[in-house]
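Here is an informal walk through one protein model, taken a few residues and a few helices at a time. Keep the viewer open while you read.

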Amino acid sequence: MIILLSDTICALSTAVGESAIAVIRISGNDSFVIVNKIFKGQALNQVESHRTVYGKIYDYENNQQIDEVLLVIFKGKKSFTGENTVEINCHGGIFIVRKILNLLVKNGARLAEKGEFSKRAFLNGKIDLTKAEGIMDIISAKTEMSLKVANQGLAGDIYQMINDLKSQLLDIIGIIEVNIDYPEYDDVELLTAKILIPKINKLLKTVNNILEKSEIGILMKQGLKTAIIGKPNVGKSSILNALLDDEKAIVTDIAGTTRDIVEGDLTIKGIQIKLLDTAGIRETVDAIEKIGIAKTRTCLKEADLVLLILDYSSELNDTEKELISFIHEMKHLIVINKIDKDKKIDCDFENNSVYISVLKEKGIEKLKEEIGKFASVEKFDKDLIYLSNIRQITKLEEVSKELNAALNSANDSMPTDIISIDLQEAFFSLNEILGIHTTEDLIDQMFSRFCLGK
């Protein structure tokens, strides 16, 4: 069902600031009427959809020309939002943009909320939630890999994948419903064992396979969160600066200089590496430093990869020995810095280690190469579809649990109508991924993360 909102909205769709061109978008039933009130040129209701017209924006109240513009016209269902839409291409001066927006508001439009254009496209049936999330992911993409994943959502690949799962699930539910209404099996156990269990098991394997590959999707979209940890003055900030080839973090000989998390990004093998330089871990009475160390411990728990920095010219202390033990089960890389000095470290490392000297600029490229191994997506198959959206993954995990429950019930020879309940719950969860039967609160929350004008 098409839902048309009663008011007409407007917003700047291009970046705020001075530029050659700015685009102001207007959407709603009264778009053409409102724009015609400030436009000198052809009447917009007489222009065909997807046509461009030249004219001038005019403030009739003050008898003042504001700008020469090009208008792009989109009519009704043929527009992105499913409503009459006008895009005003004007000169990109801040004052001009504000003036045009003020005129639009004065003549009946209102300023759009964040993501409201995409929200209207969803409400009017032009896009589903997976495509809306794909739009948001394309805007925020920072690497080639994250762009590939985002385009799968925008192109409708994820929508088609979820629809295929729904079709398979409906086939199973249909078998149960037909058997209830028109029983052709006297033995319910025979129906369950020969038909339902294999079909449920096959669908469950497909769902779990998609979930397993979602780890690659998340890596491609969000990057590799990498925490740099170690004792104070071991060279963490210097290593961050060397990896980024930038003076991002303050470096001094004073222990405890880094009090908070310092972040920086670089790209290796098409994957974004999010480096987090943390406060040195040690016992301290400094209140501010204690807060920094507490943040370090939190960061450590959330990291995808840990770089533990050790000092080649210093014996391991108890804290470092604890850290080595703590990160053992985590994805980690031990970085031994200051190899330009005499060796005093009382332990040799072979696996997951690299020896460097930031001061002498030795081993930095090797370090990048070792980090790159953890960011590898060699298993990426361009013909496969990858989930990278946490909301979608969470819902598909619910589908997996519900299918598991149905499979367990089938294996326990439970009545088929009991099995059907779990299968129907799984179907409902698949619908929620696409935005069917979803809540208004979820819609509001999701689209509020969009930028203005989108």
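## Two positive phi values

E361 is an exposed residue, because its relative accessibility of 68% is over the 50% cut-off. Look for E361 in the loop between strand 13 and helix 11. Its backbone is worth a click too: phi of E361 is near 55 degrees, a positive value in a residue other than glycine. Bear in mind that this is a predicted model, so the angles here are computed from predicted coordinates.

K338 also has a positive phi, about 70 degrees, and is not a glycine either. K338 sits in the loop between strand 12 (332–337) and strand 13 (353–355). Is K338 buried or exposed? K338 is buried, because its relative accessible area is 17% and the cut-off for buried is under 20%.

## The chain as a whole

Stepping back, the protein chain has 14 helices and 13 strands. Of its 454 residues, 48% are buried. The chain exposes about 23,100 Å², and carbon and sulfur atoms supply 50% of that area.

What share of the contacts with a separation of 6 or more comes from residues 24 or more positions apart? In this chain that share is 66%.

## Strand 2 and its surroundings

I26 lies in strand 2 and is buried, with a relative accessible area of 0%. Leaving out residues up to four places away in sequence, I26 touches T8, I9, C10, S31, V35, N84, T85, V86, I88, L104 and F117. One of these partners, C10, is 16 residues from I26 in sequence, yet the two C-alpha atoms are 4.3 Å apart in space. C10 is itself buried, at 0% relative accessibility.

E18 is in the loop between strand 1 (9–12) and strand 2 (19–27). With 73% relative accessibility, E18 counts as exposed. Beyond its neighbours within four places in sequence, E18 is in contact with G92 and I94. For another pair to draw in the viewer, take E18 and H91: they are 73 residues apart in sequence and 8.8 Å apart in space, C-alpha to C-alpha.

## F32 in helix 1

F32 belongs to helix 1 (residues 31–36). F32 is buried, with a relative accessible area of 8%. Its contacts, not counting residues up to four places away in sequence, are L44, N45, I73, F74, K75, N84, T85 and V86. For K75, the C-alpha atom is 9.4 Å from that of F32, with the two positions 43 residues apart along the chain.

N84, T85 and V86 are touched by F32, and these three residues are also on the contact list of I26.

## Cysteines

How many disulfides does a search of the whole structure find? The search finds zero. C90 is a cysteine to look at alongside C10: C90 counts as buried at 1% relative accessibility, and C10 counts as buried at 0%.

## Two helix pairs

Two packed helices are described by the angle between their axes and the distance between the axes. Start with helix 12 (residues 390–411) and helix 13 (residues 416–434), which pack at an angle of about 170 degrees with their axes 8 Å apart. The two are therefore roughly antiparallel, since that label applies to angles over 145 degrees. On the helix 12 side, the contact is made by R391, Q392, K395, L396, E398, V399, E402, L403, A405, A406, S409 and A410. Helix 13 brings I419, D422, L423, E425, A426, S429, L430, E432 and I433. Sorted by class, this contact has eleven nonpolar, three polar and seven charged residues.

The other pair is helix 8 (residues 236–244) and helix 11 (residues 364–374), with an angle of about 85 degrees and axes 10 Å apart. That makes helix 8 roughly perpendicular to helix 11, because angles of 65 to 115 degrees get that label. Helix 8 contributes I239, A242 and L243, while helix 11 contributes I364, L367, K368 and I371. By class, there are six nonpolar residues, no polar ones and one charged residue in this contact.

Note on methods. Residues are numbered from 1 along each chain as its sequence is written. This is a predicted model: local features need pLDDT of at least 70, side-chain atom pairs count only at pLDDT 80 or more; totals for chains, interfaces and linings use all residues. Side-chain values use heavy atoms; hydrogens and water are left out. Helices (H or I, at least four residues) and strands (E, at least two) are DSSP runs, numbered from the N terminus. Buried means under 20% relative accessible area, exposed over 50%, partly exposed in between (1.4 Å probe, protein chains only). Contact means heavy atoms within 4.5 Å. Accessible areas come from the Shrake-Rupley method with a 1.4 Å probe; for residues, only the protein chains shown count as cover. Axes are lines fitted to C-alpha atoms, for helices over the stretch in contact, and angles run from 0 to 180 degrees between N-to-C directions. Angles under 35 degrees count as roughly parallel, over 145 as roughly antiparallel, 65 to 115 as roughly perpendicular and the rest as oblique. Ala, Val, Leu, Ile, Met, Phe, Trp, Tyr, Cys and Pro count as nonpolar, Asp, Glu, Lys and Arg as charged, and the others, Gly among them, as polar. A disulfide is a pair of cysteine sulfur atoms within 2.5 Å.
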